[in-house]
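Trainee: I've just opened this one and I'm not sure where to look. Could you walk me through it?

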Amino acid sequence: RDDATTTTRRIFCRCEGCVACARARASATTRGETKTGCEREGQPYTNVETKTGRARTGTRKLCKPCLRRREKDRANAKRARETTSVNEDGGRGRASESKGAGDAMDDARIAAARRATGARAGGGGANLGRARRESVVLFGDSLTERSFEDGGFGARVQHEFRRFADVRCRGYSGYNTEHALCLLDEVFPLNEDVDDDGAFATYKRAPVLVTILFGSNDACAKNSSAGDVQHVPLPRYEQNLKTIVERVRRMQPSPRILFITPPPVDDEAWLRDCATRAAQPGLGFGSLLNDTAPNRTNAGVKPYAEAMKRVARFYDIPVVDLHAALEFSNGEVDETQFCDGLHFSEAGQRQVASLVIDALRQHFPALASRASDAVKCDFPDWKDLDARGFAAQISHHRDVVAPLLGAPNDP
């Protein structure tokens with residue numbers, strides 16, 4: 001190129017597979033020439049660099065018809081490999097394939113197996129027979145937030161139902177039932193409230209079980225340093241629990257609900273712990289724990305435990321009475337169950353976990369039957385897989401176990 005003239009070099013397609021290629025070869029043959037490639041120009045392209053914004057133009061080796069022909073040939077070859085890989089060796093790919101081709105064959109094998117099993121089951125498509133994994137929601141304050149500590153009831157519930165449901169811990173340290181009301185749309189989204197692309201789209205389906213444990217913060221003394229933030233009057237606490245229950249029951253199918261009462265408080269141990277934390281500015285409590293008397297007492301928490309049991313009776317909800325379970329008959333608190341007078345020690349976590357699991361087995365026997373040791377609810381036990389027919393077994397396991405399990409939210 002110079003100032004006066006511009007020379008453009010034309011780059012022709014190097015393929016021999018499209019209609020233009022055939023015409024070029026025929027034309028060359030009539031002229032007694034040997035022709036490779038077609039007479040179409042290669043497909044032009046423009047790439048823009050993300051960092052610099054600079055555009056780079058060029059020409060592909062193939063013209064647009066040849067590119068389409070090559071894509072079609074590749075698709076046909078892939079379908080042929082799918083058919084071969086599913087039929088040979090129970091769907092196992094050949095070890096001689098290259099790594100890249102092997103990855104493609106893995107994807108093809110899965111897709112082909114799903115199509116085949118779906119067609120055999122009556123043409124229901126890829127979703128037919130797909131395993132369904134349920135969810136359990138633990139809703140509460142710091143006692144729930146810490147339920148995955150060693151021996152905690154959250155970890156124990158997840159262990160029990162590890163082949164049936166995912167346990168979602170929704171515990172919030174320091175929260176009372178007034179705070180909890182602000183979380184209901186997020187923690188328990190109704191179907192009409194959730195957009196398919198939203199953050200909670202994965203959890204549109206109602207959980208099969210919800211545990212509710214609030215009250216320790218509601219029972220914070222009104223005249224304490226933290227009272228303005230945490231205290232909730234007893235009648236209001238009771239009404240808030242009803243609101244939470246009614247919101248959870250609006251989900252369909254309606255989840256099972258298990259109440260867990262606030263536990264007793266070791267007054268002296270809790271006062272010492274608050275003083276220790278108040279003396280550490282880095283913890284961020286400020287003046288919230290500057291009290292000369294405990295901001296929670298066992299006598300103050302007990303009415304809230306009783307209020308929860310009243311709500312449980314009103315709605316016919318089973319309840320785990322931690323207050324009664326962790327208090328001696330003389331009214332003294334079993335201090336070995338607590339690490340600071342309020343939160344559970346490892347021994348306490350294990351005790352609470354046993355109480356929760358026992359309650360689930362007693363009040364929700366159908367749910368307990370889904371425990372991992374009883375039946376593999378999501379996919380088959382590996383020991384039962386057939387060496388060649390495993391694809392159909394895995395794809396339709398839910399159809400097999402459904403009659404044994406009943407509806408997900410049966411009692």
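**A walk from one helix outward**

Mentor: Let's begin with helix α11, where Asn298, Val301, Tyr304, Ala305, Ala307, Met308, Lys309, Val311, Ala312 and Tyr315 are buried. Keep in mind as we go that this is a predicted model.

Trainee: Which elements cover those buried residues of α11?

Mentor: Look for whatever is in contact with the buried residues of α11. Strands and helices both turn up in the cover. Going along the chain, it includes β5 (209–213), α9 (234–249), β6 (256–260), α10 (267–278), β7 (319–320) and α12 (322–325).

Trainee: How far apart should the ends of α11 be, and what does the model show?

Mentor: Helix α11 covers residues 298–315, which makes 18 residues. At 1.5 Å a residue, the expected span is 26 Å. The end C-alpha atoms agree with that, since they are 26 Å apart.

Trainee: What comes right after α11, and what is its phi?

Mentor: Asp316 follows the helix, in the loop between α11 and β7. Most residues other than glycine have a negative phi. Asp316 isn't glycine, yet its phi is positive, near 55°.

Trainee: Is Asp316 buried or exposed?

Mentor: To count as exposed, a residue needs over 50% relative accessible area. Asp316 therefore counts as exposed, at 69%.

Trainee: Back to the helix: which residue pairs with Tyr304, and in what geometry?

Mentor: A search of the whole structure finds seven aromatic pairs. In one of them, Tyr304 and Tyr237 sit 5.1 Å apart, centre to centre, with 65° between the planes. Planes over 60 degrees apart get a label of their own. So the partner of Tyr304 is Tyr237, and the geometry is edge-to-face.

Trainee: How far apart in sequence are the parts that this pair ties together?

Mentor: Tyr237 belongs to helix α9, and Tyr304 to helix α11. The pair therefore ties together parts whose separation in sequence is 67 residues.

Trainee: Are Tyr237 and Tyr304 buried or exposed?

Mentor: The cut-off for buried is under 20% relative accessible area. Tyr237 has 0%, and Tyr304 has 6%. Therefore Tyr237 counts as buried, and Tyr304 counts as buried.

Trainee: Which residues do ring pairs link into a cluster?

Mentor: This time, look for phenylalanines. Ring pairs join them into a cluster. Its members are Phe139, Phe188 and Phe214.

Trainee: What lies between α9 and β6, and which peptide bond there is cis?

Mentor: A loop lies between α9 and β6, and Pro253 is found in that loop. Most peptide bonds are trans. With omega near -5°, the cis bond is the one from Gln252 to Pro253.

Trainee: How many cavities of 30 Å³ or more are there, and which residues line the largest?

Mentor: The structure holds two of them. About 50 Å³ of space lies in the largest cavity, and its lining divides into six nonpolar residues, one polar and one charged. The lining residues are Leu271, Cys274, Ala275, Leu289, Asp291, Ala293, Pro294 and Asn295.

Trainee: And which helix gives the most to the lining of the second largest cavity?

Mentor: That cavity has a volume of about 40 Å³. Its lining is made up of Glu160, Phe161, Ile357, Leu360, Arg361, Ala368 and Ala371, with five nonpolar, no polar and two charged residues. Three residues come from the helix that gives the most, α13 (residues 346–363).

Trainee: Which residues lie nearest the centre of the second largest pocket?

Mentor: The second largest pocket has a volume of about 310 Å³. Among the elements lining this pocket, α8 (227–230) and α10 each supply at least two residues. The lining comes to 18 residues, and nearest the centre are Gly174, Asn217, Gln230, Phe285 and Arg296.

Trainee: One last stop: which residues does Gln158 touch, leaving out those up to four places away in sequence?

Mentor: Gln158 is found in helix α5 (residues 153–160). At 22% relative accessibility, Gln158 counts as partly exposed. With those neighbours in sequence left out, Gln158 touches Phe148, Ala165, Asp166 and Val167.

Terms used:
Residues numbered from 1 in each chain as written. Predicted model: local features only at pLDDT ≥ 70, side-chain atom pairs only at ≥ 80, totals over all residues. Heavy atoms only, no water. 1 Å grid on protein atoms, 1.4 Å probe; cavity = no way out; pocket = protein on both sides within 12 Å on 5 of 7 lines; lining within 4 Å. Points joined across faces, edges and corners; volume = space filled by probe spheres on them. Nonpolar A, V, L, I, M, F, W, Y, C, P; charged D, E, K, R; others polar. Helix = DSSP H or I, 4+ residues; strand = E, 2+ residues; numbered from the N terminus. Expected span 1.5 Å × (residues − 1). Buried < 20%, exposed > 50% of the residue type's maximum accessible area, 1.4 Å probe, protein only. Contact = heavy atoms within 4.5 Å. Phe/Tyr/Trp six-rings, centres within 6.5 Å; stacked < 30°, edge-to-face > 60°.
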